[in-house]
Structure formats: structure tokens, C-alpha cells
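Dear colleague,

I am passing on the structure below, and after it you will find my notes on what turned up when I went through it. Please read them alongside the sequence.

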Amino acid sequence: MGKHSRPGPSNQPSRAVPRVDAANPFAAYDKRRRPPMDIYRRHRPVHGGASHLRPDEPRVLEEWSGFAYKPVGTAPSLTAAQGWVSELQIGDDPMG
């Protein structure tokens, strides 16, 4: 097995990236508008650093706008921010 070969049979396409629908003229555009790793909501510490450190400090809440993450509010603590992120269920696409 080579250094950069992927696991699985060589005659099957990679499952890491969803297929692009050839019949849809906007398929490439839609693919570019997807957030990194399909994460539509995230939180960041106000003063930087690792997100698990200082759990009692405030967090900045960010949502994917279709082009970039935009700040939409703050949370008083790590648990409140994690609760806000988990409100959006897996598989829900806020873009459409």
C-alpha cells in the first residue's frame, strides 16, 4: 500500500466528499456554500485559547452564513454555549 493510498477498493469513489449531482447546474455552487465539516454552529472563547479551558468564561456564538461564520451572540459559559450548538439537530440544514 502506497503512502497516500486510501483504504478500500480502488474501483470505488471516496466516501469523504458527497457526490455532485451532474443534472443540477448549481451543484458546484451549493458544494462551496457548505460549512467546513458540516458544522453550522460553533462557539469560541471570548479571549481566545482552547475551548475546554476556563469553562466559566463567556463564549462567542457563531453561525454559518453560507460564506463564513458570523457572530450571532454570546453565552455566559461553556455549558450554555454547548447547549446552543446542540439545539440545531444533526441533518438540519439552516441554508435550505
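**What was found**

Read from the start of the sequence to its end, the chain follows the pattern α-β-β-β-α, so that its secondary structure comes to two helices and three strands. Please keep in mind that this is a predicted model.

Of the 96 residues in the chain, 18% are buried, and the accessible surface comes to about 7,500 Å², with 56% of that area belonging to carbon and sulfur atoms. Among the contacts in the chain with a separation of 6 or more, 33% are between residues 24 or more positions apart.

Two residues may deserve your attention, and I take the one in a helix before the one in a loop.

A81 lies in helix α2, which covers residues 78-87. Its relative accessible area is 0%, and because buried means under 20%, A81 counts as buried. Leaving aside its neighbours within four places in sequence, A81 is in contact with H43, R59, L61 and A75. As for R59, which is 22 residues away from A81 along the chain, the C-alpha atoms of the two are separated by 6.6 Å.

R54 is placed in the loop between β1 (41-45) and β2 (59-64). The phi of R54 is near 50°, which is a positive value in a residue other than glycine. With a relative accessibility of 39%, R54 falls between the limits of 20% and 50%, and therefore counts as partly exposed.

With best regards

How values were computed: Residues numbered from 1 in each chain as written. Predicted model: local features only at pLDDT ≥ 70, side-chain atom pairs only at ≥ 80, totals over all residues. Heavy atoms only, no water. Helix = DSSP H or I, 4+ residues; strand = E, 2+ residues; numbered from the N terminus. Buried < 20%, exposed > 50% of the residue type's maximum accessible area, 1.4 Å probe, protein only. Contact = heavy atoms within 4.5 Å. Areas by Shrake-Rupley, 256 points an atom, 1.4 Å probe, with all protein chains shown as cover.
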